[in-house]
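Student: Could you take me through the nonpolar interior of this one? I'd like a close look at that part, plus whatever sits outside it that you can place.

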Amino acid sequence: MEQQQLIASFQRLFLAGRRLCSFPWAELEQQLKESSNRVILLDILQKTVLDPLCVRHPPSVKYRRLFLTELIKKHESTLVEPLDELYEALGDVLNMDEPAQCHKMYFLPSGETITLSENLAIISEGTTGLVTWEAALHLAQWAMQERDLFKNRAVLELGSGIGLTGLTICKTCNPKRFIFSDYHHHVLKQLSKNIQLNGFRVGSENTSCPVEHVPALGEGLSHELRPEITVLELDWETVTEAQLSQLQVEVVIASDVVYDPEIIVSLIHVLRKLLDCRTNEKAPDVYVASTIRNPETYTLFQTKLRNVGIRWEVIPGHIQRFFPSDEQSTVEIFRLHT
């Protein structure tokens with residue numbers, strides 16, 4: 001791995017908050033052994049902990065501490081004189097308090113970033129919707145490969161969480177309208193903040209059906225390409241087909257919503273209603289991305305789909321990896337239809 005490529009890899013992994021074991025430490029050690037090059041360590045420091053993006057939207061304090069500790073270990077193993085900059089950075093982090101939230105950033109192919117504020121705890125405020133899950137990364141990367149599916153179309157996302165997939169589509173796929181939706185109050189609040197953090201405007205944090213569309217102010221997008229963005233409070237159990245029909249959506253997406261048997265019935269309920277809606281006499285295209293954790297839950301989802309007359313097919317093909325993600329996770333994307 002070339003030096004600049006190695007530095008860029010460290011930057012992308014660090015800003016995305018990936019597990020430290022996934023970093024190319026062996027390649028870094030090899031570079032240090034071959035040249036005893038102090039500059040590469042300083043460059044990594046400048047592109048991670050001291051990067052203006054990190055300073056403005058910092059990862060967790062614990063994560064920065066562990067990262068700097070590992071970086072110092074690699075440096076000390078070279079038996080060269082200490083780098084004061086590394087120890088100073090670690091000292092600064094050790095004096096910081098840990099907030100409840102942190103930031104993660106994902107580079108788009110254009111070089112622009114998706115910036116997300118999310119909770120440190122996987123479960124907080126009684127929900128798992130305040131962190132980013134692997135299926136959201138997978139669906140976002142797939143969407144960037146399938147831009148024409150979203151271009152100039154109205155898109156509804158079920159269970160948007162903190163917004164990674166939807167923001168990726170809004171910034172790269174040129175949808176006409178994008179409706180983020182969720183139900184938990186704290187998730188809707190954090191979602192709205194993240195939409196604004198990425199240069200878009202949201203008119204209401206909790207908008208119930210029917211919905212008014214809000215023009216976006218997406219950075220880097222021309223006026224013609226700015227989607228109308230809405231955040232919608234959507235209860236899968238009580239929403240009616242008439243309310244969903246008023247949204248006039250052409251594409252429906254969801255990620256990591258098939259994880260709890262207790263919500264599968266409600267999910268199927270809303271999917272069935274959406275597939276019965278018509279925009280220009282056509283049912284919406286529906287795609288659901290799911291990380292396969294529990295085979296029994298996964299089979300239950302398929303059985304419930306079949307029981308209400310929904311057919312599915314797994315989308316084949318390679319998903320190009322734009323974002324750092326867990327290679328060990330098995331994620332599938334379903335296309336649903338009647």
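Tutor: Sure, starting with the largest nonpolar core: 39 residues, and those with the most contacts inside it are Y106, W142, F150, F180, I195, I253 and F323. Helix α7, residues 134–145, gives the most to this core, with seven residues. A nonpolar core here is a set of buried Ala, Val, Leu, Ile, Met, Phe, Trp, Tyr and Cys residues joined through side-chain atoms within 4.5 Å. Buried is under 20% relative accessible area, exposed is over 50%, and partly exposed is in between (1.4 Å probe, protein chains only). Helices are DSSP runs of H or I, at least four residues, numbered from the N terminus.

Keep in mind that the model is predicted: local features need pLDDT of at least 70 and side-chain atom pairs pLDDT 80 or more, while totals for chains, interfaces and linings use all residues. Residues are numbered from 1 along each chain as its sequence is written, and side-chain values use heavy atoms, with hydrogens and water left out.

Now zoom in on I195. Skipping neighbours within four places in sequence, I195 is in contact (heavy atoms within 4.5 Å) with L167, F180, F200, V202, I229 and V231. Apart from that core lies another, of 31 residues, with L6, F14, F23 and F67 among them.

As for other spots, S60 sits in the loop between α4 (52–56) and α5 (61–76). S60 counts as buried because its relative accessibility is 11%. Beyond residues up to four places away in sequence, S60 touches E98, C102 and L120. Q30, in helix α2 (residues 25–35), is partly exposed, at 41% relative accessible area. The C-alpha atoms of Q30 and M1 are 9.8 Å apart, with their positions 29 residues apart along the chain.

Terms used
Helix = DSSP H or I, 4+ residues; strand = E, 2+ residues; numbered from the N terminus.
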